[in-house]
Amino acid sequence: AAAAAAAAAAASASASEFDELMSDRLPDINTKLDFDEAKAEWKRAAVTDINGQYISVCGSGYENLEPLGPGIGLWFRTLKSLALYFFLMTLLMAFVIYNAVYLYYNEDSDMDEDTMEVLARVTTGVVATTSQDKTVQGWDMRLVMLVISCLDVFAILCFLIMIAHLKRRQDAYVEENDDAVVSLPDYSVVVWGIPKDADEDSLITHFSQFGELADCVVVRDLGKVMGPRIRRAGQLDVLKNMKIQAAAFEIKKQKRALKVQLKRIDRQKKRVEKTNVKIEKKLDEGFDTVCAFMTFDEPEGRAACVDAFNEQWSCCHKQELLYRGKHKLRIKPAPEASDILWENVLRKNACAQLTRKFISFLVILVLCAAAVGVLVYAKDAASNAAPAVSCATVEPSDLDPAPALHCSAIWDLAGEDAYNDPTSQARLAIDKFVDNVALDACANYISGAEWILPMDAYGADGFAAAQNDALPAETEPWLGGFMSESYADECAALTCKKCYCVSSVDVTSMIMDYFAGSSADSANFCKEIYDQMVLETSVLLGTIVMTTLTNMILMSSAQVFSKFERHKTISATETNCAKYTFAALLVNQAIVPVVIYSYIEALDGFPVLFQGQYGDLETAWYNKVMVTIISTAIVNIVAFPLGAALPNIAAAVSRFVFGCCAPSQKKLNEIYTPAEFSLAKRYGQMLCGLFYSIIFLCAAPPLAPAAAVLFFAMYITDKWLLLKFSKRPPMYDHKLNAFFLKTAPYAAWTHLALACWAFGYYEIPSFIVDPGGLAGKVGVDASVVTSATGDGGDVDLSGKPAQFDFMARLVRANALVPFVMFLIVTVALFFAGLVENIASVFGNACVGEEKVDEVPPFSDLIFAGDVRYDEPTKEGELNNKLSGLRSYRLEDNPEYMKLFPEVLSADGTGGTRERPATPANKAPVAQNMV
C-alpha cells in the first residue's frame with residue numbers, strides 16, 4: 001500500500017497540471033487552513049519596496065511610488081497639482097462668492113428667501129437677478145463685475161500655465177524615470193507591416209545593419225487561439241475547486257455528497273474536452289505573423305534603427321529599409337512586455353475594428369439617453385413652476401426702483417385672510433386668473449427677478465370684489481380678465497398667490513396643507529403651490545441620485561466595451577476606457593442638463609434637445625441648471641473616492657468574516673488576493689471633475705472649492721488603496737497623463753466661450769464699449785413700459801436682445817475681456833492641432849534624433865531571480881538590473897502561464913514538456929507558445 005501511494009505521488013508530481021486535473025485522482029488536501037501562507041501570497045502580490053516591505057501611506061513620497069512605473073508617479077503628481085491649483089483658485093474666488101452673498105443678504109437687497117435656490121445664491125445668477133447698482137462699501141457694480149471678469153480670465157490663464165508646466169514636468173519625469181529604470185523598451189522596437197511569412201532569420205539579417213541583436217520575436221496571430229485557452233483556464237479552475245471539494249467529502253466520509261460531486265466533475269471534464277477540441281482545431285489552422293519585436297544588444301542600435309526610419313518621408317521609403325526589397329515597414333517604440341494583451345494579437349482587420357467601436361459607441365449612447373429621460377421629466381416638472389419673481393418686489397417698499405406690482409392692492413389675500421376664508425373675494429378672484437395663466441408668456445413682464453409692468457391702475461379698495469363679480473363663472477369661457485388682450489394679469493395673479501402662500505402662511509400650516517386632501521378641496525387654497533414646490537425639490541434630488549447611479553453604470557460599461565474593442569496593449573485599453581469614462585460622465589453630468597433645459601429658437605421643434613424653458617442665462621437657469629451641476633459636484637466629492645474604495649472595503653470585510661470558514665487553502669489564498677489598481681476609470685473621473693469645474697467656474701465659483709476637496713480626497717484615497725489593498729499595478733507609461741494634458745486646454749477654451757455669454761448677459765451691470773454704435777439698446781426701456789401699461793397685448797418689456805445677438809454682448813466690457821482671451825486660446829489650439837496633423841501626414845521626418853539611454857549592453861543585464869539581483873548597485877556604476885519581463889516571448893509572461901497547463905507541473909511550476917514539430921507557419925515551441 002505504501003509503495004502504491006508512493007507511486008501515485010510520483011506519477012502526480014511528474015504529470016502536468018492539465019493531466020492531473022483531468023485524471024481521476026483527487027488532490028491531497030489539508031483541512032487545516034494556513035493563514036501564514038495566504039498572507040505570504042498577499043505580500044508577494046502587493047505593493048512593496050525593494051526590500052519586500054510594505055510602504056507607509058503617510059511616510060511615503062514620490063520616490064516610493066516612482067518605481068511602480070511612470071504612469072503611477074504622474075497620476076499622483078497630477079492629482080496633487082490640481083488640488084493645489086483649485087485651492088489657490090478658491091482663495092481667488094472668495095471675493096466673487098462674498099460679493100454674491102452680500103448682494104443677496106444685505107438689508108437693502110431686493111431678493112428674498114424664495115427668489116433663488118440656496119446653492120444658486122453664490123453664483124453669477126445673483127448679479128443677473130438683482131437690480132442693485134452698488135455693492136460692498138458702495139462700490140459701483142459695473143466696476144466690480146469688470147474686476148470679477150478679469151479675475152476669471154486670470155484664473156484660466158493660471159490653469160493654462162499649470163498645464164504647460166505639467167507637460168514639461170511630465171517629459172522631464174519620464175526621462176528621469178527612464179534613465180533610472182532599465183527595461184526592455186530601452187533596447188527594443190516593434191516592427192509593423194511585415195508579410196505573413198516573415199521569419200526570424202530574414203528579420204535578423206535585415207535589422208543587423210543597425211547593430212547586434214540580442215533577440216528577435218516574431219509575433220503571430222495568437223488571438224484566435226487565446227480566447228479558447230482563456231475559456232479553458234476558467235473551466236479548469238472550476239474543475240480544480242470541484243476536486244478539492246470532493247477530496248473534502250472523502251475525508252469527512254460523506255459518501256452521498258462525494259458521489260454527486262464526482263458526477264459533476266465528470267460533466268465538467270467533458271466541457272474541458274470540448275474546448276480542447278476547439279483549441280486543437282485552431283492549432284491545425286496555423287498562424288500568420290502580425291509584427292516582430294527586435295531587441296538590440298546596445299541602446300545605440302535601437303536609436304540608429306529609429307532614426308533611420310524617422311528620416312524618411314512616409315510617402316518615400318529608402319531602398320535599404322525595405323524588407324526583402326519591397327515591404328515597407330513601420331517602426332514604433334516597443335511597449336513593456338507585460339503590457340501586451342496576447343489574446344488581442346491578431347492581423348489588422350479594419351472592418352472588424354470599426355464594427356466593435358460602433359457597437360461600443362452605440363451602447364454607451366443608449367445609456368446616456370437614460371440620463372436624458374430623467375432630465376426631460378425634470379424639465380417638464382419645472383415647466384409648471386410659478387414665475388421667478390422676488391416676493392420682496394411685489395409690495396410697496398423703499399427699494400429703488402420702486403416695485404411695479406402691488407399684490408395687496410389688487411388681491412388683498414392677507415387682509416381678507418384668504419388662506420382660512422373660502423369665501424374671500426380676493427381668493428375667489430385670484431384662483432380664476434391662476435386657472436387660466438399661460439406660463440410661457442410671463443417672462444415678458446419680468447426682468448431679473450422683478451415684475452416690470454406697472455399695474456397701479458388696477459388696485460383700489462374693493463377692487464377684488466368688483467372684479468370677481470365681473471369675472472365669468474367657472475362653467476363659462478374665460479374672457480381674459482381685466483387685461484383681456486394680455487396674460488399680464490394672469491401671470492401677476494400666479495405671482496401674488498405664490499408669494500402669499502410662501503410668505504404669509506406659517507410653516508406648520510404649509511406642511512399640514514400639503515399632506516391634506518387634494519388641491520381641488522375648498523380648504524386647500526395653497527396646496528397646488530406647495531405641490532409644485534415639493535415636486536421640484538423631489539425631482540432635483542431624484543435627478544442627482546439618478547445621475548450618480550448612471551455614472552456608475554457608465555463607468556462599468558466604459559471598462560467592458562474598452563476590452564470588447566480588443567486593443568493590443570493594456571495601456572491602449574486603459575486609455576480608451578479613460579476616454580469613454582470621461583466622455584460619458586461629462587455628457588451625463590454637465591452637457592445633458594444644459595441641452596435639456598436650454599431653448600434655442602432656431603431649433604424649435606427639434607426632438608428633446610434644446611427645447612427647454614431658458615433661452616438665456618437668466619435667474620431660473622441658475623436655479624435649475626447650475627444648482628444641478630453644483631449638487632452633482634458635491635456628491636462626486638464622496639461618490640468618486642468612495643466608489644473606488646468600496647470594493648476594497650468589501651473584500652477586507654469578506655476576509656475578516658469568511659476567512660476562517662474558507663473551504664480550502666486555495667479559496668483562502670483567493671480571498672487574500674489584492675485588488676487591481678486601474679488608472680483608466682480614475683483618469684476618466686478626474687477629467688470629468690476637471691472639465692465641469694473649469695467650464696462652469698465663471699457661472700458657479702463654488703465649483704473651485706468643490707474641485708479642490710475632490711482632488712485632495714482622490715489623492716489620499718488612491719494612495720491608501722494602492723499601498724494597503726492593491727496588487728502591484730502594471731508598469732503604466734505616460735500615455736494616460738499625456739491624454740489628460742492634451743485634452744485639458746479645451747476645458748479652458750469652453751470656459752472662455754461660456755464666460756463671454758454669462759458675463760455679457762444684459763441684466764448684469766457693465767461698462768459699454770461701443771464707440772461706433774454697433775449694438776442696439778438693450779435692457780428695460782422705461783418709455784416702452786409706460787406705453788404698455790394699458791391693455792396692449794403680450795409685448796416683451798424685458799428689453800433683452802435677440803438670442804444670438806453677439807454684438808449686444810461683446811460691447812459689454814464684462815464679456816469683451818474673456819472674448820479677447822478666447823481668441824488667443826483658439827488661435828493657439830488651432831496651430832497646435834495644425835502642426836500635429838502636418839506631422840502625422842509627413843511621418844516623423846521632422847522629428848529629432850532618438851535619445852540614447854545610458855544603460856549597459858543587454859547581454860550584461862541581471863534578470864530577476866538571479867542571486868545578484870537584490871544586491872545594491874555600486875555608486876558610479878550603471879544600473880544593470882532589468883525591470884519587468886526578460887523578453888517579448890509569451891512563455892516569459894507569468895500572467896499567461898495558467899493558459900498552458902500542459903507545460904506546468906502539477907505543483908504549478910514551469911515544466912519542459914515537449915511538443916511535436918510544427919509546420920513553418922505555426923509558432924515555434926521555444927518561442928510564443930500557442
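A residue counts as buried when its relative accessible area is under 20%, as exposed when that area is over 50%, and as partly exposed in between. This tour of a predicted model uses these terms at each stop.

**First stop: Asp215 and Arg889.** Select Arg889, which is buried because its relative accessibility is 17%. Next add Asp215; the side chains of the two residues form a salt bridge, with 2.4 Å from N to O. Asp215 belongs to strand β2 (residues 213–220), whereas Arg889 lies in the segment after α28 (813–841), so that 674 residues separate these distant parts of the chain. Asp215 is likewise buried, at 16% relative accessibility.

**Second stop: Asp616 and Arg809.** Select these two residues to see a salt bridge of 2.5 Å, N to O. Asp616 is in the loop between α19 (570–597) and α20 (619–658) and Arg809 is in helix α27 (residues 806–810), so the pair joins parts 193 residues apart in sequence. Asp616 is buried at 13%, and Arg809 is buried at 5%.

**Third stop: helix α21.** Select residues 665–671, the helix that holds both Lys666 and Glu670, four residues apart, or about one turn. Their side chains form a salt bridge of 2.6 Å, N to O. Is each partner buried or partly exposed? Lys666 is buried, at 16%, while Glu670 is partly exposed, at 35%. Now add Asp237 and Lys667, which are linked with this pair in a network of salt bridges.

**Last stop: helix α10.** Select residues 255–285, the helix that supplies nine residues to a positive patch, its largest share. The patch lies on the surface and includes Arg231, Lys259 and Arg271. Arg271 is in helix α10 and is partly exposed, at 41% relative accessibility.

Key
Residues numbered from 1 in each chain as written. Predicted model: local features only at pLDDT ≥ 70, side-chain atom pairs only at ≥ 80, totals over all residues. Heavy atoms only, no water. Patch = residues over 30% accessible without salt bridge, like charges linked within 9 Å, V, L, I, M, F, W, Y side chains within 5 Å. Areas by Shrake-Rupley, 256 points an atom, 1.4 Å probe, with all protein chains shown as cover. Salt bridge = Lys/Arg side-chain N within 4 Å of Asp/Glu carboxyl O. Lys, Arg positive; Asp, Glu negative; His and termini not counted. Charge placed at Lys NZ, Arg CZ, Asp CG, Glu CD. Helix = DSSP H or I, 4+ residues; strand = E, 2+ residues; numbered from the N terminus. Buried < 20%, exposed > 50% of the residue type's maximum accessible area, 1.4 Å probe, protein only.
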